[in-house]
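I opened this notebook page to record what I looked up, step by step, in one model. The entries follow the order in which I checked things.

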Amino acid sequence: DYDTAKATELLLSYAESIQLTLESNGVVTYAPGEGEAFDPRMHRKFRGEDAADPALAGRIAHVQRDGYLDIEANSPVTTAEVTVFAATKG
């Protein structure tokens, strides 16, 4: 009787429990907004993407995975993984 739906429900419940545990200990998830400047202290470049507009170079194109932030120290526990716009060559 253990099917995909039950496995999904169990994993979501587990993820919520972990998130509540982290939050109660001062750690929250964060995700930068698309178009924000890349900050190597807070973000880890997952891949690059050519920018149609040169002004977008060095800015976040997409968030691949949220990061975790220690709110008391205002310091990342785990950086957010992002795709960063790169200047196109030519």
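**Entry 1: Gly58 and the loop around it**

I began with Gly58, which sits in the loop that links β2 to β3, the latter being residues 60-65. The model is a predicted one, and I read every value below with that in mind. I then asked whether Gly58 is buried, partly exposed or exposed. Its relative accessibility came out at 34%, so I entered Gly58 as partly exposed, since that class lies between the 20% limit for buried and the 50% limit for exposed. Setting aside neighbours up to four places away in sequence, I listed the contacts of Gly58 as Glu36, Ala37, Phe38, Val84 and Phe85. I also looked up the pair Gly58 and Gly35, whose C-alpha atoms are 9.0 Å apart in space, with their positions 23 residues apart in sequence.

**Entry 2: Glu36, from the other side**

As Glu36 was among the contacts of Gly58, I turned to Glu36 next and found it in the loop between β1, residues 27-30, and β2. Which residues does Glu36 touch, once those up to four places away in sequence are left out? I noted Gly58, Arg59 and Ile60. Glu36 has 39% relative accessibility and therefore also went down as partly exposed. For Glu36 and His62, which are 26 residues apart in sequence, I noted a C-alpha to C-alpha distance of 10.0 Å.

**Entry 3: His43**

I went on to strand β2, which covers residues 43-51 and contains His43. Is His43 buried or exposed? Its relative accessible area is 6%, so His43 counts as buried, the cut-off being under 20%. Beyond its neighbours within four places in sequence, His43 has contacts with Pro32, Ala37, Phe38, Ile60, Thr79, Ala80 and Val82. Ala37 and Phe38 had already appeared in my list for Gly58, and Ile60 in my list for Glu36.

**Entry 4: backbone angles**

I checked phi at two places. Gly26, just after α1, takes a positive phi of about 85°. Asn74 has a phi near 50°, and I marked this value because Asn74 is a residue other than glycine with a positive phi. Most residues other than glycine have a negative phi. Asn74 belongs to the loop between β4, residues 67-70, and β5, residues 75-78, and with a relative accessible area of 49% I recorded Asn74 as partly exposed.

**Entry 5: the whole chain**

I left the overall description for last. The protein has one helix and six strands, and from the N terminus the order reads α-β-β-β-β-β-β. Helix α1 takes up residues 4-24, 21 residues in all, and spans 30 Å from first to last C-alpha, close to the 30 Å expected at 1.5 Å a residue. How does the radius of gyration stand against that of a compact globule of 90 residues? I noted 17 Å for the protein, where such a globule would have a value near 12 Å. The C-alpha atoms fill a box of roughly 60 × 40 × 15 Å along the principal axes, and 20% of the 90 residues count as buried. Of the contacts between residues at least 6 apart in sequence, 64% join residues at least 24 apart. The protein exposes about 6400 Å², with carbon and sulfur atoms supplying 52%. My final check was on charge: the mean positions of the 8 positive and 15 negative charges lie 10 Å apart.

Conventions
Residues numbered from 1 in each chain as written. Predicted model: local features only at pLDDT ≥ 70, side-chain atom pairs only at ≥ 80, totals over all residues. Heavy atoms only, no water. Helix = DSSP H or I, 4+ residues; strand = E, 2+ residues; numbered from the N terminus. Rg over C-alpha atoms; globule rule 2.2 N^0.38 Å. Buried < 20%, exposed > 50% of the residue type's maximum accessible area, 1.4 Å probe, protein only. Contact = heavy atoms within 4.5 Å. Areas by Shrake-Rupley, 256 points an atom, 1.4 Å probe, with all protein chains shown as cover. Lys, Arg positive; Asp, Glu negative; His and termini not counted. Charge placed at Lys NZ, Arg CZ, Asp CG, Glu CD. Expected span 1.5 Å × (residues − 1).
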